[in-house]
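Reader: Could you take me carefully through one part of this structure, with the cut-offs behind each term spelled out?

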Amino acid sequence: MASVRFTVTPTKAEDLPGLPDTSPEISSRSGTHVRFGSRESVSRSEPPSDASGGVTTAAGGGGTETPDHVNMEQGDGNSKIASVYINNSHGVDDDDFYDRNLALFEEEMDTRPKVSSLLSRLANYTNLTQGAKEHEEAESIGEKKKASKSAPPQSPQMGTFMGVYLPCLQNIFGVILFLRLTWVVGTAGVLQGLCIVFICCCCTLLTAISMSAIATNGVVPAGGSYFMISRSLGPEFGGAVGLCFYLGTTFAGAMYILGAIEILLMYIAPDAAIFAAKGLEGEGAAMLNNMRVYGSVCLLLMSLLVFVGVKYVNKLASVFLACVIVSIVSIYVGALVSAFKPPNFPVCMLGNRTMNGHDLVDNQCAKTVLLPDEREDVNVTLPIAEPNTTILLTFEPTPTPTSTVTEKTTYLWSRFCQSTELNATCDDYFSTNNFSRIKGIPGLASGIIADNLWSSYLSKGDVVEKSSLSSSRGVQSASTQQPYVFADITTSFTLLVGIFFPSVTGIMAGSNRSGDLKDAQRSIPIGTILAILTTSVVYLSSVLLFGACIEGVVLRDKFGDSVKGNLVVGTLAWPTPWVIVVGSFFSTCGAGLQSLTGAPRLLQAIAKDNIIPFLRVFGQGKANGEPTWALLLTALIAELGILIASLDLVAPILTMFFLMCYLFVNLACALQTLLRTPNWRPRFSYYHWTLSFLGMTICLALMFISSWYYAIIAMVIAGMIYKYIEYHGAEKEWGDGIRGLSLSAARYALLRLEEGPPHTKNWRPQLLVLLKLDEDAHVKSPRLLTFASQLKAGKGLTIVGTVVPGNFLQSYGEALAAEQTLKHLMDKERVKGFCQCIVAQKAREGISHMIQSSGLGGMKPNTVVMGWPHAWRQSEDPQSWKTFIHTVRVTTAAHLALLVPKNISLFPSNSEPCTDGYIDVWWIVHDGGMLMLLPFLLRQHKVWRKCGMRIFTVAQMEDNSIQMKKDLATFLYHLRIEAEVEVVEMHDSDISAYTYERTLMMEQRSQMLRQMRLSKSDRERERVRWSFDDAQLVKDRNSMLRLTSIGSDEEDDTDAGERDRAVTGDGSSERHRRVQMTWTKEKTSQYRATHSGCSTPEGFRDMLSIRPDHSNVRRMHTAVKLNEVIVNKSHDARVVLLNMPGPPRNPDGDENYMEFLEVLTEGLERVLLVRGGGSEVITIYS
């Protein structure tokens, strides 16, 4: 393999490594991502005299190698430069990745590339082509490879006119223009028709302005509107609105197919109907069945065409667009021609009622006609324009003396009279009104627009009437059996809005083709807005032309029955109605193909984003990327629209979906503008947030105006998709506007919370849960987080924190791993909150820092939850319980509440609800109401919901226990808390020998551990020995509790002096009758000699003569007496809530404090020690 040398000037280095994939959008034309390589070293030759900086290669071995085969000097995973001197004048074996002027930054060049290399890659960057073109290119990729394997990809060259303007025109002009706009004008009138068109066009114009701002704020890849909305509003809104837009596009395909079939069966080939109507009643049902059959076949053929190859659809697009343009031009020419020579489309009227032209079988708009008896060379002239009841025939027969004239009935007579006889009984309205003929197309100069200005809404089954004609009303209303033109649906302004709006959709066609445009950020706004302005002018002028040229009854005749089944808009066309018929048929077919082409690709773009798990399969397709599965689903959904079979019912459905999409486009632009995010820098500057909000308001109003129940259904569908993505979808971070809105709202809320301290009514525990991790980064007490979730019930702030020992620079990775562990545990326990890991040399320092720094503003934690240090007596490391006491002091100094669950492993999990039992509260001292509030919060959770609540308080000798019980019951009543109340009397009793001896042992042990430094083995024996002593004391004490009742008279008879003499060693003194063991100096020495097998060290013999501190004796007495009362009353409680005493001010008594707490909670299965934060947390006021 020949080596390659690059000759580079010292001042300009060409970078071999590629550009990193710094954003999801940056990729090459072929789809291959380019990344920065590692520091590859390339040998340099002497700098040439040429300053051009060109790169030349020297071939060796008879061949030339590409730069991919450059020889490199590999080091420890990265290439090393040969010379470490910055001022190397020769530059031999230097690394060309680094410029000499950038040696200061060379250690970070692998992650922070030079600007020159970044710009060189961006200059060659071209975006992927969108829409169907990349699939078309993929189909012919084999031919391209054969033609030129090394040909560079051509940059897109489409301009504004071909790339945006014409595609938008083709997508906006649709079936509604040809099939329903005349009916809308005739029903709503010219004025309201202009209002409908103006509102809809304003909606799309404002949406186009917002869309232009978004589309010019960066590159819009495949997905078009979905990409814009999802990247602006987040994956939840993007997925919901994207699917709605997909459904709208799919139903639009169904609507276009139904329109094409309607043109085919009603105006091109009426005889092709499969189902024939049995009587006039079944005509509508037969037509719907024909639409279903032909529509399904047409959908199948179109789907196969799209499946076979998109390039055929793209090639036909220009033909379909030409059909649309020719059809529209023919309408304008026909309107102008009608001013001089109106086309002849007479309409038969009975009184002021319009007759169905299909029923004029004999072409006679009359009741009777005069016919000669003998047909002998008779020249007949029919005065069609004369509105006579009987048509008088003028003829010139051969002079015969026997020739006579006979009056005959017409076909219409037989329809109204059920007989052909002149003396038959006829319909009242038929008998009292005469037939007449009016012009269906009076022409532009006729002044008919005055009659068409006002609306004429009809109910289903009403006859289409001309109000300016006189008529005598019959007693009976018109029957559907009679040959009138009837309204097929009940019309209203809102209905017409929903039916017309699809004719202004399609404004996203330009943004969907941004990859094909030479300058997308210039072409999209100009082309889209010009297309909307053009179509708006066409629609508004069409409303005026239709109202000024066509008779009102013909306009209100949806299917052209009055003009013998001609397409109404076709009657105005020049030179023949077939121009419109054929042109509209092909244009609707083309629009249907475009919908079936675009909808699957939109679904594929949503599926590939992986935000909706169950749609992942639709992201797959053929080898060339063709979305096969998405096309299949699109065809199935479109078939649902085909089965509806009514254009008027399908149009409001897709109106809802399109309006929802446009609404969120406006919302996205308004949010980005108001939030002023740094990345919001659109090139299109003619936008304003007020315009976006106006467009959003119009969209929302149109949704409810056109069909309020469809609007609600569309919103429910979008809401369900939103919640599904929120809970089950993949988490995406796209820098969306909703996240920016959340940040702004959070900032506003935090600033509001800072205005003052929270009121008592708003107080709720904002938890800081302190967890400890073991050596394997596993949480030691995960049930602590379970308890926190039960206490919070999903409300308020929860911060889960831990301290990682070590130095931050070396332990940053461990902190990240610990944070992930906490997040997984929070997800498992369904705790909504935040994680905080602090790296500190000492655990107590880290906890202190966490308590001081956790939270932000008014969202700081007010309650600390920490576990009890288990086996603190046996622990070789005293730091565990010292850290515990230090945390208690820190929380007290910070005025935070403290919750310490003891025996946390015995607390119920979220899957173990308590079916019965009590939550017992021992209210010893007032701490702001924490003891009252916590049981209420616990009972909100399903685990504790069925537990009752009991509140105990302690009465001393001087207290009135009966009055205390009444006052406590009244207090709970005002607090709206249901609980049982009990007052426990604790009589003043002397300090028992057990209390005294327990205190003495505690102090002796503390003194011993302070003064002697034992070896590991000695310390182990010491721990076992004292544990045995404590166990004996507990055993004796528990047996004593079972023998006596609480507060008995025996305690009152105890003599303190006798107890004192017993403790000081007077062997003749009387022992306490309940305590069967009293520790003396001699007994202690004997016990130690028996159990330890070794004598006491000489230096500590005086410890056995220690007299316990009087304050410690009193504290131990309180702990013992309270424990006796609590164990007796609450031994069967599910959990006991108890006031937690504060630590001593003197740190020398910390170990004694732990002993006091241990004695206070002995014999209880589940205990929650509660220490208030110094503020009231519950109130009786509303």
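Author: What follows is a close look at one pair of packed helices, after a few words on the model itself.

This is a predicted model, in which local features need pLDDT of at least 70 and side-chain atom pairs count only at pLDDT 80 or more, while totals for chains, interfaces and linings use all residues. Residues are numbered from 1 along each chain as its sequence is written, and side-chain values use heavy atoms, with hydrogens and water left out. The chain averages a pLDDT (the predictor's confidence in each residue, from 0 to 100) of 75, and 70% of the residues score at least 70.

Two packed helices are described by the angle between their axes and the distance between the axes. Here helix α26, residues 843-853, packs with helix α27, residues 879-893, at an angle of about 25 degrees, and their axes are 9 Å apart; helices are DSSP runs (H or I, at least four residues), numbered from the N terminus, and axes are lines fitted to C-alpha atoms over the stretch in contact, with angles running from 0 to 180 degrees between N-to-C directions. The two helices, α26 and α27, are therefore roughly parallel to each other, a term for angles under 35 degrees. The crossing of α26 and α27 is right-handed, that is, the near helix is turned clockwise from the far one by less than a right angle.

On the α26 side, the contact (heavy atoms within 4.5 Å) is made by Ala843, Arg844, Ile847, Ser848 and Ile851, and on the α27 side by Gln879, Lys882, Thr883, His886, Thr887, Val890 and Thr891. The residues of this contact comprise 4 nonpolar, 6 polar and 2 charged, where Ala, Val, Leu, Ile, Met, Phe, Trp, Tyr, Cys and Pro count as nonpolar, Asp, Glu, Lys and Arg as charged, and the others, Gly among them, as polar.

Key:
Angles under 35 degrees count as roughly parallel, over 145 as roughly antiparallel, 65 to 115 as roughly perpendicular and the rest as oblique.
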